[in-house]
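Trainee: I would like to take a close look at one part of this chain and understand how it sits within the rest. Could you walk me through it slowly?

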Amino acid sequence: WRSLMFCGGHGFFSNGDAAGCTMQGDVWRVAGLDAGLEQVRWRRFAAGLNQPLGLVVADDVVYVLGGDQITRLDDANGDGEADLYACVSNRFEPSGGHNFKCGLERDAAGNFFTASHQGLLRISADGETVDVLAVGFRNPDGLGLLPDGTLTVPVSEGEWTPASAIC
């Protein structure tokens, strides 16, 4: 495809295949990820998303965080490409300018988490409720969900600060 590959997130299917999203709006499925990496195959699964910078695979379903919404991607006809792009939630401020939503995680209860200029957000599994859990991050550029439920947010302080924090 000769596509640019500025990866914004990844997840894994139950069979070991990976899904990865690129800031250019694509989601790729990658097969053959074994110890030898001799038969790796890439296939574009979805395209046209708004700057996806987070991805979760849950129960072999791909969820992508774009600047405008969380989107569920379904391959309803089994041809290896998403043919249904369903909005899970767009009940948060859209990204714009230098403000990006980065990182997407999902807990055992199905809640989604992301970080943006708006703060650390928890989005309910049904997408109806958005809670701001913390604010004050300068350019959050990712998100981590630890096994004990702790959330981490790295921030980019800029060149005038010798180190950036993990909150």
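Trainee: Please look closely at Asp 17: where is it found, is it buried or exposed, and which residues does it touch?

Mentor: Before turning to that residue, please keep in mind that this is a predicted model, and that a single position is easier to read once the whole chain has been described. The secondary structure comes to 14 strands and zero helices, so the chain, with a radius of gyration of 16 Å against the 15 Å that the globule rule gives for 167 residues, is as compact as a globular protein of that length. Its C-alpha trace spans about 45 × 35 × 35 Å along the principal axes, and buried residues make up 41% of the 167 residues. If you consider the contacts between residues at least 6 apart in sequence, 34% of them join residues at least 24 apart. The chain exposes about 9000 Å², of which carbon and sulfur atoms supply 50%. As for charge, there are 11 positive and 22 negative side chains, and the centres of these two sets lie 4 Å apart.

Now to your residue. Asp 17 is found in the loop that runs between strand E1, residues 7-12, and strand E2, residues 18-22. Although a loop may sound like an outer part, please check the accessibility for each residue separately: Asp 17 has a relative accessible area of 13%, and because buried means under 20%, Asp 17 counts as buried. Its side chain has a partner, since a polar contact of 3.0 Å joins the side chains of Asp 17 and Arg 29. When residues up to four places away in sequence are not counted, Asp 17 touches Gly 11 and Phe 12, and it also touches Arg 29, Val 30, Ala 31 and Gly 32. Arg 29 therefore appears in two ways, as a residue that Asp 17 touches and as the partner in the polar contact.

A useful companion to this position is Leu 33, whose place is in the loop between strand E3, residues 27-31, and strand E4, residues 41-46. Leu 33 and Asp 17 are 16 residues apart in sequence, and their C-alpha atoms are 6.6 Å apart in space. Leu 33 is partly exposed at 39% relative accessibility, whereas Asp 17 is buried. Beyond the residues up to four places away in sequence, Leu 33 touches Phe 12, Gly 16, Ala 18 and Val 40, and you may notice that Phe 12 is also touched by Asp 17.

For another view of loop residues, go to Asp 59 and Asp 60. Asp 59 has its place in the loop between strand E5, residues 54-58, and strand E6, residues 61-65, and the place of Asp 60 is in the loop between E5 and E6 as well. Asp 59 has a positive phi of about 55° although it is not a glycine, and Asp 60 likewise has a positive phi, near 65°, in a residue other than glycine. Asp 59 counts as exposed at 78% relative accessibility, while Asp 60 is partly exposed, with a relative accessible area of 39%.

Ser 124 offers a second example of a buried residue in a loop, for it is found between strand E11, residues 119-123, and strand E12, residues 130-134, and it counts as buried at 15% relative accessibility. The side chain of Ser 124 makes a polar contact of 2.6 Å with the side chain of Asp 126. Residues up to four places away in sequence aside, Ser 124 touches Asn 111, Phe 112 and Thr 129.

Finally, it helps to set these loop positions beside a residue in a strand. Val 62 has its place in strand E6 and is buried, with a relative accessible area of 1%. Leaving aside its neighbours within four places in sequence, Val 62 is in contact with a list of residues that includes Phe 13, Ala 19, Val 27, Phe 45 and Leu 55. The C-alpha atoms of Val 62 and Phe 45, which are 17 residues apart along the chain, are separated by 9.9 Å. To return to your question, Asp 17 is a buried residue that is found in the loop between E1 and E2, and its side chain is joined to that of Arg 29 by a polar contact.

How values were computed:
Residues are numbered from 1 along each chain as its sequence is written. This is a predicted model: local features need pLDDT of at least 70, side-chain atom pairs count only at pLDDT 80 or more; totals for chains, interfaces and linings use all residues. Side-chain values use heavy atoms; hydrogens and water are left out. Helices (H or I, at least four residues) and strands (E, at least two) are DSSP runs, numbered from the N terminus. The radius of gyration is taken over C-alpha atoms; the globule rule is 2.2 Å times the number of residues to the power 0.38. Buried means under 20% relative accessible area, exposed over 50%, partly exposed in between (1.4 Å probe, protein chains only). Contact means heavy atoms within 4.5 Å. Accessible areas come from the Shrake-Rupley method with a 1.4 Å probe; for residues, only the protein chains shown count as cover. Lys and Arg count as positive and Asp and Glu as negative; His and the chain ends are not counted. The place of a charge is taken as NZ of Lys, CZ of Arg, CG of Asp or CD of Glu. A polar contact is a pair of N or O atoms within 3.5 Å; within protein, one must be able to donate a hydrogen and the other to accept it, and residues adjacent in sequence count only if both atoms are side-chain atoms.
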